[in-house]
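Here is a small set of exercises to work through with the coordinates open beside you. Each task comes with a solution in steps, so try it yourself before reading on.

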Amino acid sequence: MINVLYEDNHVLCVEKPINIPVMEDDSHDMDLLTMCKEYLKEKYQKPGNVYCGLVHRLDRPVGGVMVFAKTSKAASRLSEAVRTHQLKKEYIAILDGIPIKKADTLEDYLSKDTRTNTVSVTDAKHGKKCHLSYEVIGQKSKQSLVHIVLGTGRSHQIRVQFASRKLPLIHDQRYNPHTTKGPIGLYAFRLTFPHPTLKTPIVVQATPSQSIWKEFEVNYDKL
């Protein structure tokens with residue numbers, strides 16, 4: 001059963017569970033897109049195939065807010081919002097370390113190796129430019145809780161940008177060489193986007209339930 005956060009005739013916003021692929025992959029595990037289609041099919045008792053448009057993605061181990069389109073018109077307009085950076089993505093992350101600056105903007109060029117599905121920092125000639133802004137909102141022991149506003153949506157961007165500065169996310173099995181087992185310290189907690197037909201801003205937010213987040217006492221509504 002999916003957790004529906006917002007729904008109208010044009011969009012469906014849900015909370016993606018951790019370790020669930022957004023769409024079908026080589027694992028053939030149940031994916032979120034299929035779950036959303038089954039939800040719509042059952043709720044509205046629709047025969048045959050149900051339309052549900054995918055307009056953005058989250059890495060498999062990451063949970064959080066996602067928006068899907070219920071019509072082709074909404075899919076087109078939401079995709080345009082993603083392309084023109086009108087769809088604002090905000091994350092919280094737990095870093096394995098303490099940043100020198102409490103707030104900063106990170107800019108890099110990233111290159112993806114499709115054979116290994118890994119991303120690395122490179123130069124302007126070989127990579128795609130990316131940037132994000134962060135602010136430290138909590139700290140305990142040698143870990144930091146940061147609020148991130150994503151400027152670009154490159155694959156594995158947040159994970160790689162912080163890992164390249166020796167601040168990998170906790171429990172990141174791919175980019176943290178000293179990781180331990182557990183849910184990855186990254187969660188997409190808020191999406192803001194213009195409604196595809198009304199053009200009014202829609203804000204959808206969710207709070208992670210895993211214990212790693214509860215160790216930081218933060219009011220996310222104030223971010």
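## Exercise 1: Cysteines

A search of the whole structure, which is a predicted model, turns up zero disulfides. Take C13 and work out which cysteine sulfur is nearest and whether C13 is buried or exposed.

**Solution.**
- Step 1: The nearest cysteine sulfur to that of C13 belongs to C36, 9.9 Å away.
- Step 2: A disulfide needs the two sulfur atoms within 2.5 Å, and C13 is in no disulfide.
- Step 3: C13 has a relative accessible area of 0%, so C13 is buried.
- Step 4: Try C130 as well: its relative accessible area is 0%, so C130 is also buried.

## Exercise 2: Strand β2 and its partners

Find the strands that pair with β2, and say how they run.

**Solution.**
- Step 1: Start with β1 (residues 3-7), which runs antiparallel to β2 and is joined to it by four bridges.
- Step 2: Look at the connection: three residues lie between β1 and β2, and the two strands form a hairpin.
- Step 3: Now take β4 (residues 63-69), which pairs with β2 over six bridges, again in the antiparallel sense.
- Step 4: Pick V14 in β2 as a landmark. V14 is the bridge partner of V4, and V14 stands opposite M66 in β4.
- Step 5: Check the cover. Five of the six residues of β2 (residues 11-16) are buried, and the strand is mostly covered.

## Exercise 3: One face of a helix

Helix α1 covers residues 32-43. Compare its span with the expected one, then ask where its buried residues fall around the axis.

**Solution.**
- Step 1: α1 has twelve residues, and its first and last C-alpha atoms are 16 Å apart, close to the 16 Å expected at 1.5 Å a residue.
- Step 2: List the buried residues of α1: L32, L33, M35, C36, Y39 and L40.
- Step 3: Viewed down the axis of α1, these buried residues fall within an arc of 160°, so they line one face of the helix.
- Step 4: Recall the general geometry: an α-helix has 3.6 residues a turn, so residues three or four places apart point the same way.

## Exercise 4: An aromatic pair

The structure holds three aromatic pairs. Describe the geometry of the one formed by Y134 and F162, and say which elements the pair links.

**Solution.**
- Step 1: The ring centres of Y134 and F162 are 5.5 Å apart, with 65° between the planes.
- Step 2: Planes over 60 degrees apart count as edge-to-face, and this pair is edge-to-face.
- Step 3: Y134 sits in strand β8 (residues 128-140) and F162 in helix α3 (residues 157-163). They are 28 residues apart, and the pair links distant parts of the chain.
- Step 4: Both Y134 and F162 are buried.

## Exercise 5: Positive phi

Locate N117 and S141, and find how exposed each one is.

**Solution.**
- Step 1: Most residues other than glycine have a negative phi.
- Step 2: N117 is not a glycine, yet has a positive phi of about 55°. N117 lies in the loop between β6 (103-113) and β7 (118-122).
- Step 3: The relative accessibility of N117 is 31%, so N117 counts as partly exposed.
- Step 4: S141 is not a glycine either, and has a positive phi of about 50°. S141 is in the loop between β8 and β9 (143-150).
- Step 5: With a relative accessible area of 68%, S141 is exposed.

Methods:
Residues numbered from 1 in each chain as written. Predicted model: local features only at pLDDT ≥ 70, side-chain atom pairs only at ≥ 80, totals over all residues. Heavy atoms only, no water. Buried < 20%, exposed > 50% of the residue type's maximum accessible area, 1.4 Å probe, protein only. Pairing = 2+ DSSP bridges. Phe/Tyr/Trp six-rings, centres within 6.5 Å; stacked < 30°, edge-to-face > 60°. Expected span 1.5 Å × (residues − 1). Arc of directions from axis to C-beta.
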